[in-house]
Number of protein chains: 2
Amino acid sequence: MTQSPEVPSSHDALRTLRVALGERSYPIHIGPELLGDSRWLTPHLAGRQVMVVTNETVAPLYLEALKRGLPDDLEVRELVLPDGEATKNLASVERIWDALLAAGFNRRCTLIALGGGVIGDMVGYAAASYQRGVAFIQVPTTLLAQVDSSVGGKTGVNHPRGKNMIGAFWQPRAVLIDTDTLASLPPRELSAGLAEVIKYGLIRDADFLSWLEERMPALRRLDAAALTTAIERSCSLKAEIVAEDETEQGVRALLNLGHTFGHAIETHQGYGHWLHGEAVGAGMLMAAELSHRLGWLAEADVARVRAIIEAASLPLAVPADMTAEDFLALMRLDKKNLDARLRLILLRRLGDACIHDETPPEMLREFLEAFPRR
Amino acid sequence: MTQSPEVPSSHDALRTLRVALGERSYPIHIGPELLGDSRWLTPHLAGRQVMVVTNETVAPLYLEALKRGLPDDLEVRELVLPDGEATKNLASVERIWDALLAAGFNRRCTLIALGGGVIGDMVGYAAASYQRGVAFIQVPTTLLAQVDSSVGGKTGVNHPRGKNMIGAFWQPRAVLIDTDTLASLPPRELSAGLAEVIKYGLIRDADFLSWLEERMPALRRLDAAALTTAIERSCSLKAEIVAEDETEQGVRALLNLGHTFGHAIETHQGYGHWLHGEAVGAGMLMAAELSHRLGWLAEADVARVRAIIEAASLPLAVPADMTAEDFLALMRLDKKNLDARLRLILLRRLGDACIHDETPPEMLREFLEAFPRR
């Protein structure tokens with residue numbers, strides 16, 4: 001009796017999750033070699049007109065591969081924007097609209113966002129508002145976008161007075177995560193993405209947090225199996241939360257762990273100086289320490305949070321030139337603070353976050369003054 | 001036995017319709033003396049922050065009355081924009097966003113649109129995109145806005161390359177139609193509103209069309225009872241259609257009778273020269289004549305359409321400087337034309353519209369060349 005060896009096809013590694021939102025449900029495909037394979041994009045195109053929007057860094061790496069994954073009989077346009085958070089503004093969205101109108105694109109066109117979170121957020125908002133809403137597909141190429149911004153339909157741009165102030169909830173038709181794209185990701189951006197991965201463990205899944213503590217070295221050296229598992233688990237946790245609360249009336253707010261502090265840092269430093277994930281990393285440590293002051297987390301729990309943030313090579317301190325007053329002033333405008341009451345996401349336990357709006361103002365101020373500066 | 005006379009309260013004339021859209025359902029209140037009465041606005045405010053956006057024409061007439069209808073304990077701001085279709089652009093929406101951010105308004109604020117269709121469309125879009133969507137209330141003060149744009153959640157602004165190209169489907173929390181505001185409406189704008197009223201009869205309700213033929217003189221002299229009936233019937237027909245097809249995948253497109261031709265006229269002439277209702281009036285006559293060429297309407301039917309459009313003092317001819325080529329070029333960009341196929345709303349019978357995309361191109365061109373110029 002002979003045994004025929006099992007030859008794995010290149011798509012044995014493919015995982016598909018589903019974001020359950022009724023008629024707005026969509027799949028997330030995760031795996032290697034997805035770009036360039038027409039099976040993943042074709043079913044989600046609304047019509048024959050397709051515009052791929054990407055940036056100057058990503059275009060030379062993946063634009064041609066993506067276009068190979070589109071059927072031949074389409075009208076395909078491309079728009080390459082500058083890279084960076086500084087371009088995440090209304091002027092860039094207007095460039096997308098102008099390009100769509102110049103090309104005569106109608107309501108059945110499809111936008112494809114190829115890039116990181118900035119591209120995804122901008123293209124999503126451009127799609128949400130073009131002719132009152134057209135189809136779009138997320139093809140995230142950074143870890144941060146893969147585990148966070150490409151899933152869940154939050155789209156938007158920054159305003160000089162605040163981050164993500166202009167935008168819409170607009171769900172993609174599909175999310176295509178080609179894990180091969182992480183090979184080109186700079187280490188600093190990998191770390192920024194790991195901040196959001198750690199976040200899922202902290203807010204909802206203590207087992208995943210333990211797994212991450214163990215696998216952090218493997219993740220940082222881009223071990224493919226570890227990355228795929230981390231992305232899949234992160235997307236799955238996010239998809240669960242989004243399905244429960246699409247427009248952030250309740251539980252979805254937990255995804256903002258570290259973000260209220262983090263947004264204050266980003267706004268104060270000017271967008272683009274701190275990466276979003278870096279600010280969130282420091283912000284999560286702040287949330288953990290404040291949770292300790294409130295008597296919820298033990299000292300040892302805070303130490304675990306500090307250790308995993310450090311292991312991911314994320315900042316453990318906030319900018320030297322930011323005062324407690326700076327934090328307070330910037331956090332009051334944060335859009336998660338309903339009726340000007342300071343609403344923070346904190347940790348009851350590791351793996352269990354809560355919305356808390358009763359931190360005594362004096363405790364908050366003292367805490368902000370005492371937190372380490374860099 | 002004595003009979004006590006029945007004294008009608010001022011709100012005996014109040015009618016309330018409901019737009020049935022599940023959790024996005026909302027009431028339309030129609031009647032005299034609604035402005036200034038806090039019963040109609042208060043239940044629909046999302047939080048304590050309220051911004052009233054209006055224009056320079058409407059503000060002196062109705063802004064104070066509207067503010068009297070708001071509870072005392074609110075934070076109320078106002079923004080007065082220039083009047084006219086020329087202001088219906090992204091720059092005006094940015095002024096609204098800037099004002100909201102400068103005032104520190106959060107996600108639980110409410111925008112109130114006080115004015116005609118331009119104000120309603122802009123404020124609705126500003127609300128749709130501010131912090132990914134906040135509450136808004138429509139208080140339309142023109143007949144056109146009362147019977148058409150304030151109901152149904154289509155919001156947006158114009159782009160130099162086309163009308164309403166940037167926008168969103170975003171439903172108001174309530175629509176408040178104070179029929180007293182029509183007393184200040186210029187006759188030309190009254191006629192523009194009547195175009196949309198006539199449209200409802202043409203596309204869906206032959207009895208209403210007959211009623212309008214009889215009551216047109218009363219409507220033009222602002223007979224209160226006739227106006228209330230016309231507004232109620234129009235809103236009711238529109239609410240039915242919107243409930244069937246919120247995002248215009250099918251039947252809602254019938255509301256665009258006359259609009260594809262009309263938009264071409266407005267775009268060609270530059271926004272603000274022809275009123276929207278005037279362009280729609282001429283456009284509906286064009287649709288009727290083309291329907292006759294296709295063998296659907298009898299000559300006598302077209303004569304009825306011409307007569308009622310004339311009775312409403314709306315144009316029966318298109319601009320002298322617009323060629324058939326101008327029409328064709330402008331109509332191809334119209335966002336209702338899926339995949340560049342020219343899709344028109346035409347009349348099978350009076351009271352029965354259809355979507356038609358098989359008009360022979362030669363017939364269309366000949367028809368456009370032959371249609372009367374003014």
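**Close-up views of a two-chain predicted model**

**View 1. A parallel pairing in chain A.** A:Gln138 stands opposite A:Val175, a residue of β9(A). Welcome to the first stop in this predicted model. The two strands here are β6 (residues 135-140) and β9 (residues 174-178) of chain A, which pair in the parallel sense over two bridges.

**View 2. The sheet of chain A, strand by strand.** Stepping back from that pair, you can follow seven strands of chain A through an open sheet, in the order β1-β2-β9-β6-β5-β3-β4. The pairing is mixed. Which strands form the edges? They are β1 (15-19) and β4 (75-81) of chain A, each paired on one side only. From one strand to the next, the twist averages 15°.

**View 3. Two helices on the sheet of chain A.** Helix α2 (residues 59-68) of chain A packs on the sheet and touches β3 (49-55), β4, β5 (110-115) and β6 of chain A. The direction of this helix makes about 160° with that of β3(A). Helix α3 (residues 90-102) of chain A lies across β3, β4 and β5 of chain A, and runs at about 155° to β4(A). If you would like to compare the two, β3, β4 and β5 of chain A appear in both descriptions.

**View 4. A hairpin in chain B.** Over in chain B, strands β1 (residues 15-19) and β2 (residues 26-31) pair in the antiparallel sense over five bridges. Look for B:Arg18, whose bridge partner in β2(B) is B:Pro27. Six residues lie between the strands of this hairpin. Where does the backbone take a positive phi? B:Gly22 does so, with a value near 60°.

**View 5. Where the chains meet.** Here 37 residues of chain B are in contact with 37 residues of chain A. Together the two chains bury about 3,500 Å² between them, with 53% of it on carbon and sulfur atoms. Between chain B and chain A, 15 residue pairs are in polar contact, counting pairs with both residues at pLDDT 80 or more. On the side of chain B that touches chain A, the elements giving two or more residues are α3 (90-102), α4 (117-129), β7 (154-159) and β8 (162-169) of chain B. By class, that side of chain B has 14 nonpolar, eleven polar and twelve charged residues.

**View 6. A salt bridge across the interface.** How many salt bridges link chain B and chain A? The rule finds two across their interface. In one salt bridge, the side chains of A:Glu248 and B:Arg107 meet at 3.0 Å, N to O.

Key: Residues numbered from 1 in each chain as written. Chains lettered and ligands numbered in written order. Predicted model: local features only at pLDDT ≥ 70, side-chain atom pairs only at ≥ 80, totals over all residues. Heavy atoms only, no water. Contact = heavy atoms within 4.5 Å. Buried area = accessible area lost by both parts, 1.4 Å probe. Salt bridge = Lys/Arg side-chain N within 4 Å of Asp/Glu carboxyl O. Polar contact = N/O pair within 3.5 Å; in protein donor to acceptor, adjacent residues only side chain to side chain. Helix = DSSP H or I, 4+ residues; strand = E, 2+ residues; numbered from the N terminus. Nonpolar A, V, L, I, M, F, W, Y, C, P; charged D, E, K, R; others polar. Pairing = 2+ DSSP bridges. Axes fitted to C-alpha atoms, helices over the stretch in contact; angles between N-to-C directions.
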